[in-house]
Structure formats: structure tokens, C-alpha cells
Amino acid sequence: MDGAARLRAVVWDMDGTLVDSATAVPEAYIGAIGRLGGPALTREAIIAAYSLGPPEIMLGHLLGRPATAADVDEYLAYLRTTVSMARPYPGIATTLERLRDRVGLGVFTGASRPGALILLEAVGLLGFFRTVV
């Protein structure tokens, strides 16, 4: 490959690509929403709301009122307690290890940056990435 065509970076999605967070994240939302006086929700209801965007928007929708910074903090606190349920997908750490000295690595995710940092650190992948967006 010549210099103009050389691969310089790989940007990864986080949930469902790097990290299996299909239990940890919904459980964190369920716990936070319950603590904040919201309705009892299923994991499926939480997952269905992912397309709404970051925690502030999701929480507002699920709580039926505008979410506050304190609400988001409550979610992040719950995420710290459920993050042990998350796992990197098989082969991801080995792949990142092989790539890290060859190209820049980054994460672009629909999750909030604080939430992404919590998950990536907990599963041992944060150190591979130059940037998390």
C-alpha cells in the first residue's frame, strides 16, 4: 500500500460490537428509573428506547418528564453496579492488541461518553483506544 491508501485508523461501535452489554445497560436503566420514581420496565422496553439517544433523552422519555443531570448521575451510578455483567466479545481483546501498534483505534457510540468509559474500563478495553466519542 502506498502512503495515501494506507489505513490510519479503525473506529469501532461499542455495544454489540466490542462489548456485550445486553444485560448490564438495561438493568442499570431499570434500577435508576425505579429509584427515580418511574414505572417498572422490562429489558425489552429499555432496549426499544435505545434509538432515542443518550441517557438524558432516554431517561426523560422513560420517566415521562425532562431528565436532570442528577437523573443521569443516578443511571451512571447504577451502571457502575451492573457493569460486571458486561463482557467483551470473544476475540476482541486479541484483535485490538494486534491492531493497536499499527493504526489508531477509536470508539464512536450512541451511548454517552461517561457510560462508554465505564463499560470499556470495566471490560478491560479502554486502554486500547485513543479516543471515545
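The paragraphs below go through a predicted model of a single chain, from its overall make-up to its largest pocket.

A good place to begin is the set of regular elements, for the chain contains six helices and five strands. Following the sequence from its start, one meets two strands, then four helices in a row, and after these strands and helices take turns until a strand ends the pattern, which can be written β-β-α-α-α-α-β-α-β-α-β. In space, the C-alpha atoms of the chain fill a box of roughly 55 × 25 × 25 Å when the box is taken along the principal axes.

The next step is to ask how the residues are arranged with respect to one another and to the surface. Of the 133 residues in the chain, 38% count as buried, and among the contacts between residues at least 6 apart in sequence, 71% join residues that are at least 24 apart. The accessible surface comes to about 7,400 Å², and 55% of this area belongs to carbon and sulfur atoms. As for charge, the chain carries 12 positive and 13 negative side chains, with the centres of the two sets lying 7 Å apart.

The last feature to look for in the model is the largest pocket, which holds about 250 Å³ of space. Its lining is made up of 19 residues, and those that lie nearest the centre are Asp15, Tyr50, Gly53, Gly110 and Ala111. Two or more lining residues come from each of helix 1 (24-35), helix 3 (55-63), helix 4 (69-82) and helix 6 (113-122). Helix 6 gives the most to this lining, with three residues.

Note on methods: Residues numbered from 1 in each chain as written. Predicted model: local features only at pLDDT ≥ 70, side-chain atom pairs only at ≥ 80, totals over all residues. Heavy atoms only, no water. Buried < 20%, exposed > 50% of the residue type's maximum accessible area, 1.4 Å probe, protein only. Contact = heavy atoms within 4.5 Å. Areas by Shrake-Rupley, 256 points an atom, 1.4 Å probe, with all protein chains shown as cover. Lys, Arg positive; Asp, Glu negative; His and termini not counted. Charge placed at Lys NZ, Arg CZ, Asp CG, Glu CD. 1 Å grid on protein atoms, 1.4 Å probe; cavity = no way out; pocket = protein on both sides within 12 Å on 5 of 7 lines; lining within 4 Å. Points joined across faces, edges and corners; volume = space filled by probe spheres on them.
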